[in-house]
Amino acid sequence: GAVVIARRTFPSDRTAEGAYARIALAVAERRPRDAFAYLETDAQWASFTIRDVRKKASDLVRASYPPAERDRLLEGWREEATAPDGADVFALLAARRQWVARLERDLSGVAHVETEGERATVVTARGTRYALRRRDNGIWGLTMFTAELQAEAERASRDLEVVEAAAKDYEGAKAP
């Protein structure tokens, strides 16, 4: 189904079907970064937040922590902290959490679209339902990963709070 979608003209991405078609193509071609433009805004912002917060925490750890502790933390956050942007963070998490495989199992052609205001549901030929939300720019965004991305952003923010407190303690211990 996704390959067939990839070979025909796309409907506008200002339609739920068009956004779904672009996600299906990105999944079929194993390019999850390309699906980022078709996530809802909250999912996109969460991806950028993860990157920004991990970078800030990594910078603090690098500047303040003792080597053994520093190396362990930095390695765990390295990919997210050094990602060029939110789309790259999404692609990292999509690979780690096997989101592409999850989508791949269920993607098929669009049977119909149910639209109600700013929300739409794409119902596939296999009966799978994908929820989308219209973004401010008029492009439809998949909502499927929003909760997981927001939870990861919140986890990163909590980690930063702990790092900030510990960095303050390590700096205080260094003072004469």
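The following conversation between a student and a tutor goes through how some features of this predicted model are named.

Student: What should I keep in mind about the model before we start?
Tutor: It is a predicted model, in which local features need pLDDT of at least 70 and side-chain atom pairs count only at pLDDT 80 or more, while totals for chains, interfaces and linings use all residues. Residues are numbered from 1 along each chain as its sequence is written, and side-chain values use heavy atoms, with hydrogens and water left out.

Student: How do you know how many helices and strands the protein has?
Tutor: Helices (H or I, at least four residues) and strands (E, at least two) are DSSP runs, numbered from the N terminus, and by that count the protein has eight helices and four strands. Along the sequence they follow the pattern α-α-α-α-α-α-α-β-β-β-β-α.

Student: What makes β2 and β3 a pair?
Tutor: Two strands pair if DSSP finds at least two bridges between them. Strand β2 (residues 119-124) and strand β3 (residues 129-134) have five bridges in the antiparallel sense, so they meet that rule. As one example, A120 has L132 in β3 as its bridge partner.

Student: Which strands stand at the edges of the sheet, and why?
Tutor: The open sheet has four strands in the order β1-β2-β3-β4, with antiparallel pairing. β1 (110-116) and β4 (140-142) each have a single partner strand, so one side of each is left without a neighbour in the sheet, and these two stand at the edges. Neighbouring strands of the sheet are turned by 30 degrees against each other on average, direction ignored; the axes behind such angles are lines fitted to C-alpha atoms, for helices over the stretch in contact, and angles run from 0 to 180 degrees between N-to-C directions.

Student: Why is the contact of D88 with R33 called a salt bridge?
Tutor: A salt bridge is a side-chain nitrogen of Lys or Arg within 4 Å of a carboxyl oxygen of Asp or Glu. The closest N and O atoms of D88 and R33 are 2.8 Å apart, so the pair fits the definition. D88 lies in helix α6 (residues 86-96) and R33 in helix α3 (residues 32-35), so the pair ties together parts that are 55 residues apart in sequence.

Student: Why is D88 called buried and R33 partly exposed?
Tutor: Buried means under 20% relative accessible area, exposed over 50%, and partly exposed in between (1.4 Å probe, protein chains only). D88 has 18% relative accessibility and therefore counts as buried, whereas R33, at 35%, counts as partly exposed.

Student: How do you know that E152 and R54 form a salt bridge?
Tutor: Their closest N and O atoms are 3.4 Å apart, and so this pair also satisfies the rule. E152 lies in helix α8 (residues 146-174) and R54 in helix α4 (residues 41-64), so the pair ties together parts that are 98 residues apart in sequence. Both E152 and R54 are buried.

Student: What makes R96 and E80 a salt bridge, and is each residue buried or partly exposed?
Tutor: The closest N and O atoms of R96 and E80 are 2.7 Å apart, so they form a salt bridge. R96 is in helix α6 and E80 in helix α5 (residues 67-82), 16 residues apart. With a relative accessible area of 42%, R96 is partly exposed, while E80, at 3%, counts as buried.

Student: How many salt bridges are there by this rule?
Tutor: The count comes to 24 salt bridges, and a network of salt bridges links residues including R54, E80, R96 and E152.
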